[in-house]
Amino acid sequence: MMPQLLYQRLEEFGVDFAVLYPTSGLALPRIPDTRMRRATCRAFNTFSADYFGAFADRLTPAAVIPMHTPEEAIEELEYA
């Protein structure tokens with residue numbers, strides 16, 4: 001979770017572009033309460049976009065998408 005350091009070292013690692021997977025966000029889509037699940041996934045995606053935004057030319061975080069219903073998945077995909 002140090003995007004600037006990772007960004008600076010990508011070339012050293014031989015990586016042109018990195019997709020970062022949200023280990024800390026993996027449990028969020030499993031929250032049973034619908035409102036809480038959707039709110040926490042949205043908050044996590046907003047945070048990730050802001051946190052990694054300055055490095056978007058070489059780093060992108062994968063979004064956390066709740067998929068209990070097709071509607072909630074589509075809504076979060078469109079947002080993300």
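Helices and strands are DSSP runs, numbered from the N terminus, with at least four residues for a helix and at least two for a strand. With that in hand, Tyr21 is easy to place: this residue sits in the loop between β1 (18–20) and α2. The model you are looking at is predicted. The chain holds three helices and two strands, and a good way into it is to follow the overall layout, then a patch on the surface, and then a set of charged side chains.

**The chain as a whole**

- Reading from the N terminus, you will meet the elements in the order α-β-α-β-α.
- Along its principal axes, the C-alpha trace spans about 45 × 20 × 20 Å.
- The chain has 80 residues, and 30% of them are buried.
- Take the contacts between residues at least 6 apart in sequence: 66% of these join residues at least 24 apart.
- The accessible surface comes to about 5,600 Å², and carbon and sulfur atoms account for 59% of that surface.
- As for charge, there are 7 positive and 11 negative side chains, and the centres of these two sets lie 7 Å apart.

**A nonpolar patch on the surface**

- Which residues make the nonpolar surface patch of about 340 Å²? They are Phe17, Val19 and Tyr21.
- Tyr21 counts as exposed because its relative accessible area is 65%, and the cut-off for exposed is over 50%.
- Phe17 belongs to the loop between α1 (3–13) and β1.
- With a relative accessible area of 42%, Phe17 is partly exposed.
- Setting aside its neighbours within four places in sequence, Phe17 is in contact with Ala56, Asp57, Arg58, Leu59 and Thr60.
- Phe17 and Ala63 are 46 residues apart in sequence, and their C-alpha atoms are 16 Å apart in space.

**A buried phenylalanine**

- Phe52 is part of helix α2, which covers residues 34–52.
- Is Phe52 buried or exposed? Phe52 is buried, because its relative accessible area is 8% and buried means under 20%.
- Phe52 and Leu20 are 32 residues apart in sequence, with 9.8 Å between their C-alpha atoms.

**Glu72 and its partner Arg37**

- Glu72 lies in helix α3, made of residues 70–79.
- Glu72 counts as buried, since its relative accessibility is 2%.
- Not counting residues up to four places away in sequence, Glu72 touches Thr34, Arg37, Arg38, Pro66 and Met67.
- With one of these residues, Arg37, Glu72 forms a salt bridge between side chains, 3.3 Å from N to O.
- This pair links distant parts of the chain: Arg37 is in helix α2 and Glu72 in helix α3, 35 residues apart.
- Arg37 is buried as well, with a relative accessible area of 3%.

**Arg42 and its two partners**

- What does Arg42 form with Glu75? The two form a salt bridge, and their closest N and O atoms are 3.8 Å apart.
- Glu75 lies in helix α3 and Arg42 in helix α2, so this pair ties together parts of the chain that are 33 residues apart in sequence.
- Glu75 is partly exposed, with a relative accessible area of 41%.
- Arg42 is also partly exposed, and its relative accessible area is 26%.
- The side chain of Arg42 meets that of Glu76 in a salt bridge too, at 2.9 Å from N to O.
- Here again the partners come from two helices: Arg42 lies in α2 and Glu76 in α3, so the pair ties together parts that are 34 residues apart in sequence.
- Glu76 is buried, with a relative accessible area of 4%.

**Putting the charged residues together**

- How many salt bridges does the count come to? The count comes to five salt bridges.
- Salt bridges that share partners join Arg37, Arg38, Arg42, Glu72, Glu75 and Glu76 into one network.
- To trace part of this network in the structure, you could begin at the Arg37 and Glu72 pair, and then turn to Arg42 with Glu75 and Arg42 with Glu76.

Methods:
Residues numbered from 1 in each chain as written. Predicted model: local features only at pLDDT ≥ 70, side-chain atom pairs only at ≥ 80, totals over all residues. Heavy atoms only, no water. Buried < 20%, exposed > 50% of the residue type's maximum accessible area, 1.4 Å probe, protein only. Contact = heavy atoms within 4.5 Å. Areas by Shrake-Rupley, 256 points an atom, 1.4 Å probe, with all protein chains shown as cover. Lys, Arg positive; Asp, Glu negative; His and termini not counted. Charge placed at Lys NZ, Arg CZ, Asp CG, Glu CD. Patch = residues over 30% accessible without salt bridge, like charges linked within 9 Å, V, L, I, M, F, W, Y side chains within 5 Å. Salt bridge = Lys/Arg side-chain N within 4 Å of Asp/Glu carboxyl O.
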